[in-house]
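Biologist: Mind if I quiz you on how the labels for this chain were reached? I'd like the reasoning, not just the verdicts.

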Amino acid sequence: MELRNYTPHDPLVFLGGGAAGVLPQLGNARCVEQVTQKGWWDTERTLPRYVMHYGDVVGLPDPEPGVLFVVSQLAAQAALHRPDVAFPILLERDETGTILGFRGLAESGGSQ
């Protein structure tokens, strides 16, 4: 199976399976954002309050036989109908919190 990186991370590093693999970013699948102002967080009206809604995924190629598209968790959540989509889990970080790589992939189970 071929893995293709459509996350915002370039590169994405797989640390599992005994050997590291580097997945260059081939695109960025993301959810369309819809922002609506709901009011204000403060009585002085200096800090606007917004509601964020996420829509369809854009930037995700059509399915291809033998290809698994690696996307962000949010994009995977929006693409539940796509069995060829997964997101990185079991992230490894350095002492500053920077992501070094991932050890597995998960499919989104939707909301519970």
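Biologist: Let's begin with the fold. What does the secondary structure of the chain come to?

Modeller: Keep in mind that this is a predicted model. The secondary structure here is 1 helix and 8 strands. Going from the N terminus, the order is β-β-β-β-β-β-α-β-β.

Biologist: What makes the chain more spread out than a compact globule?

Modeller: Its radius of gyration is 17 Å, while the globule rule gives 13 Å for 112 residues. The value is well over the rule, so the chain counts as more spread out than a compact globule. As for extent, the C-alpha atoms fill a box of roughly 55 × 35 × 30 Å along the principal axes.

Biologist: And how much of the chain is buried?

Modeller: Buried residues are 29% of the 112. The accessible surface is about 7500 Å², with 52% of that belonging to carbon and sulfur atoms.

Biologist: Now Ser108. Why is this residue called buried?

Modeller: Buried means under 20% relative accessible area. Ser108 has 18%, so it gets the label. You'll find Ser108 in the segment after β8 (99–106).

Biologist: Which residues does Ser108 touch, leaving out those up to four places away in sequence?

Modeller: Ala76, Gln77, Leu80 and Phe87.

Biologist: What makes the pairing of Ser108 and Gln77 a polar contact?

Modeller: A polar contact needs a pair of N or O atoms within 3.5 Å, one able to donate a hydrogen and the other to accept it. The side chains of Ser108 and Gln77 are joined by such a contact at 2.7 Å.

Biologist: Over to Glu64, then. Why is Glu64 called partly exposed?

Modeller: That label covers the range between buried, under 20%, and exposed, over 50%. Glu64 has a relative accessible area of 35%, so partly exposed is the right term. Its place is the loop between β5 (48–58) and β6 (67–70).

Biologist: What does Glu64 touch, again not counting residues up to four places away?

Modeller: Arg4, Phe69 and Asp84. With Arg4, Glu64 also shares a side-chain polar contact of 2.8 Å, and the cut-off for that is 3.5 Å.

Biologist: How far is Glu64 from His81, going by C-alpha atoms?

Modeller: Those C-alpha atoms are separated by 15 Å, and the two residues are 17 apart along the chain.

Biologist: One more, on charges. How far apart are the mean positions of the positive and negative ones?

Modeller: They're 7 Å apart, taken over 8 positive and 13 negative charges.

Key: Residues numbered from 1 in each chain as written. Predicted model: local features only at pLDDT ≥ 70, side-chain atom pairs only at ≥ 80, totals over all residues. Heavy atoms only, no water. Helix = DSSP H or I, 4+ residues; strand = E, 2+ residues; numbered from the N terminus. Rg over C-alpha atoms; globule rule 2.2 N^0.38 Å. Buried < 20%, exposed > 50% of the residue type's maximum accessible area, 1.4 Å probe, protein only. Areas by Shrake-Rupley, 256 points an atom, 1.4 Å probe, with all protein chains shown as cover. Lys, Arg positive; Asp, Glu negative; His and termini not counted. Charge placed at Lys NZ, Arg CZ, Asp CG, Glu CD. Contact = heavy atoms within 4.5 Å.
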